[in-house]
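Visitor: Before we talk about the fold, could you put the sequence and the structure in front of us?

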Amino acid sequence: MKNLHSLALEQKEDAKHGEAFFPVQKYITRLASDYPVVTTHWHEEAELTLITKGNCFYQIDLMGYEVKEGDILFIPPLFLHSISLGTSEEIISETYVFHLNFLGGNSTDICSTRYLTPMMNQEYSMPCRITPEHPAYPSLSNVISQINSLYEEAVAGYELAVKSLFLQAVFILLQYSNKKESPDTGTSSDKLKNVLDYLELHFAESISVSELAKLCYFSDYHFMRFFKKHMNMTCVEYINNLRLEKAVELFEQGNTSIMDVSLSVGFHNLSYFHRAFKKKYHMTPHTFIKQLRGIAQ
């Protein structure tokens, strides 16, 4: 049986999904009151998700979708997306993250040039939410069921069958897709990606709202409203959250000096770092380090 991962904890823009020669990874995502959100992010891979319990709110390419148990989600490559808990106490989903190059997206045959490459370039308008009432649902649900069985059992040659099933899923979705007359450029999604890219590179520095607003050609006031609308948090909240995640990465890499880690990720007030860390992870940095040592032993 394959090891399963938590999408909520592990899926980051620069994460590697699967292996170099088999870029497919299955994730089990659980959102509840202690972890209610997967923050906005994107990556080169596509996603195929089945909601197995509860209801939640997806934002895909800045469009909102209320989804419930049984719904299927498809997220094309490079689409911004986030997940937040709905009215249920818990939501559980199964997600396959896969690279279109695995399906032949980097080849020169007709499948790549006519379908896969345009998909990667966002030239298709594809359905992102497939409910049980959607005509594609029975076929797509059957494909996911077969992928699950093969992925779990991992019998000899299962990679061949998994690849063919992902191609079948793409084929099914293309029947309900439209080729865009001209790709969108300069969209709100592009502006937000520029900002998130900038923050990823400069999170440890002192960052002003004006700097970020200039990236979007917005006034400071317009930018703050824009960011809060699409990220469901203020810019300061996002930066602090990013810095805390980077701090956790440093602790996991063996750094044990709380002061050094705090400074290296951009927190220059150690007391504030402690409070922010405890609020997010429900433990102090010292307790977190002790737990890591316990796991390593």
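Visitor: How are helix H5 and helix H7 oriented towards each other?

Guide: This is a predicted model, and in it the axes of H5 (residues 188-202) and H7 (residues 220-231) come within 11 Å and cross at roughly 95°. Angles of 65 to 115 degrees count as roughly perpendicular. The two helices, H5 and H7, are therefore roughly perpendicular to each other.

Visitor: Which residues make that contact, and how do they divide into nonpolar, polar and charged?

Guide: From H5 the contact draws on Ser188, Lys191, Leu192, Val195 and Leu196, while H7 brings Phe223, Phe226, Phe227, His230 and Met231. Taken by class, the residues of this contact of H5 with H7 are seven nonpolar, two polar and one charged.

Visitor: Which residues have the most contacts inside the largest nonpolar core, and which helix gives the most to that core?

Guide: The largest nonpolar core has 37 residues, and Phe223 and Phe227 are those with the most contacts inside it. At least two residues each come from H5, helix H6 (209-216), H7, H8, helix H9 (258-264), helix H10 (270-281) and helix H11 (285-296). The helix that gives the most to this core, with eight residues, is H8.

Visitor: What is Phe227 in contact with, leaving aside its neighbours within four places in sequence?

Guide: With those neighbours left aside, the partners of Phe227 include Leu192, Val195 and Leu196, three residues that H5 also brings to its contact with H7. The other partners of Phe227 are Asn232, Met233, Thr234, Cys235 and Tyr238.

Visitor: Is Lys246 buried or exposed?

Guide: Lys246 has its place in helix H8 (residues 235-252), and, leaving aside neighbours within four places in sequence, Lys246 is in contact with Glu200, Phe203 and Val265. Because its relative accessible area is 12% and the limit for this class is under 20%, Lys246 counts as buried.

Visitor: Which strands form the edges of the open sheet of four strands?

Guide: The strands of this open sheet follow the order E2-E7-E4-E5 with antiparallel pairing, and the twist averages 20° from one strand to the next. An edge strand here pairs on one side only, and the two that do so are strand E2 (37-41) and strand E5 (63-68).

Visitor: Which residue in E5 does Asn55 stand opposite?

Guide: Strand E4 (residues 55-60) and E5 run antiparallel and are joined by six bridges. Within E5, the residue opposite Asn55 is Lys68.

Methods
Residues numbered from 1 in each chain as written. Predicted model: local features only at pLDDT ≥ 70, side-chain atom pairs only at ≥ 80, totals over all residues. Heavy atoms only, no water. Buried < 20%, exposed > 50% of the residue type's maximum accessible area, 1.4 Å probe, protein only. Contact = heavy atoms within 4.5 Å. Axes fitted to C-alpha atoms, helices over the stretch in contact; angles between N-to-C directions. Parallel < 35°, antiparallel > 145°, perpendicular 65-115°, else oblique. Nonpolar A, V, L, I, M, F, W, Y, C, P; charged D, E, K, R; others polar. Core = buried A, V, L, I, M, F, W, Y, C linked by side-chain atoms within 4.5 Å. Pairing = 2+ DSSP bridges.
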